[in-house]
Amino acid sequence: MSAVVTYWAEHAWLPHADGHAVARDVLIAVGPGGRIAKVAPESGPCPAGAVRLAGLALPGQANAHSHAFHRALRGTVQVGSGTFWTWRDTMYRVASALDPDSYLALATAVYAEMALAGISAVGEFHYLHHAPGGVRYDDPNAMGGALIEAAQRAGIRITLLDTCYLSSGFGAEPTDHQLRFSDGDADAWADRAARLTDAEHARIGAAVHSVRAVPAEQLGAVAHFAAMRKAPLHVHLSEQTAENDACLAAHGVTPTRLLADHGVLGPRTSAVHATHLTDEDVRLLSDSSTAVCMCPTTERDLADGIGPAKRLAAAGCPITLGSDSHAVIDPFEEARALELDERLRTRTRGHWTANALLRAGTEDGHASLGWPEAGRLEAGALADFCVIALDSVRTAGPPPELGAETAVFAAGAADVRHLVVGGRHVVKDGVHQLVPDVAGQLAAAIGALR
């Protein structure tokens, strides 16, 4: 952006000496480069020429863990019973139907759905690299490129977490479905991933799919790749007890210890799920300043269990949030689920403040994705923010000063009225400005895979 654009928010959740607080009549001036030039609370009525935003302005939400193609599973995997492992078989069948063109169509619609939910940045945990059977596309990053383009079309930022995925289990070759995930070894993975480049809206990170999918002797190569680029590094960790049992049988240690021993943990690393941890695992994660991404709506949908998020946070691990399999795409539901799940576990209330939960979904989430300049409404930050209604049937009633509590414990994706990314109005009055008929495009893209 070259010209200054001024927004005026009825209320906004702003940094405060004691953390955050809701302020009234907030001017947000966006300068060149799509960054916030000035934030002025208590500014009086909306001035002429400013864009009026009714409701509560929040930093854009960071969806720190996404598998875009899983959105095609919504509803269809709710028939009958089963486990994570039977769900995975259905997921593989959907993955086998995608190519770069169909993935572009699907991901564009999925990322547009995220924008409608107030999400301004997504961490895409991407392992669907090659054609069925492992055949390489002429452009070896055609699938990753489709995701980067999809985010641009949907008007949001993306961190493409290019994922190393080499085996079906400890010492086992990839299955037929998994051949398109594998580059053969970590060096070949790194050679392909190194060809990906950042863009204005996109940054490149790395991921270890899991200790099941990357042999122990190759974990260090992925960690080295991320370290040399100072890039985010994410990893699925201990989502299922079966993974822990298999790792103990193969290596005599837990997955967390295996990652620590091979240099994977650290302040640029995010462990996703971390559902089944020992006390030593918690210590290893906290001592290394590793972030932990919780995905409560997926973890409950897949019957994974309730992870020790509160213990991890108390130990010093930053907590972030993701919608993972997209059983729903609603960052406010993810935030409140963190607290409500802990209430179920302990039968007591009040483990997380609303401010802490909003920070997990904004500032800490963006930092984990390599966008530390986002996630705050303050001068110098990227001008990425969403606005939720305070007068819907879900949010009406509480006073505005309880806006943080209203956002976390009452609001939902349907209450998002606006999304601004880099100063550009991407969602206006609940309508996506770049992708017409998001629901129709979702239906068409998913229907084409059947």
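This passage describes an open parallel sheet, two helices packed on the sheet, and the surroundings of Thr395.

The model is predicted, with local features needing pLDDT of at least 70 and side-chain atom pairs counting only at pLDDT 80 or more, while totals for chains, interfaces and linings use all residues. Residues are numbered from 1 along each chain as its sequence is written, and side-chain values use heavy atoms, with hydrogens and water left out.

Eight strands form the open sheet in the order β5-β6-β7-β8-β9-β10-β11-β12, with parallel pairing. Strands (E, at least two residues) and helices (H or I, at least four) are DSSP runs numbered from the N terminus, and two strands pair if DSSP finds at least two bridges between them. The edges are held by β5 (61-66) and β12 (319-321), each with a single partner strand, so one side of each lacks a neighbour in the sheet. From one strand to the next, the twist averages 25 degrees; axes are lines fitted to C-alpha atoms, for helices over the stretch in contact, and angles run from 0 to 180 degrees between N-to-C directions.

Six bridges join β6 (residues 119-126) and β7 (residues 157-164) in the parallel sense, and Glu124 has Leu160 in β7 as its bridge partner. Helix α2 (residues 100-116) packs on the sheet, touching β5, β6 and β7, and its direction makes about 140 degrees with that of β6. Helix α3 (residues 142-154) touches β6, β7 and β8 (202-208), at about 165 degrees to the direction of β7. Contact here means heavy atoms within 4.5 Å.

Turning to the loop between β13 (385-388) and α14 (403-409), Thr395 lies there. Beyond its neighbours within four places in sequence, Thr395 contacts Ala389, Leu390, Thr406, Ala411 and Asp415.
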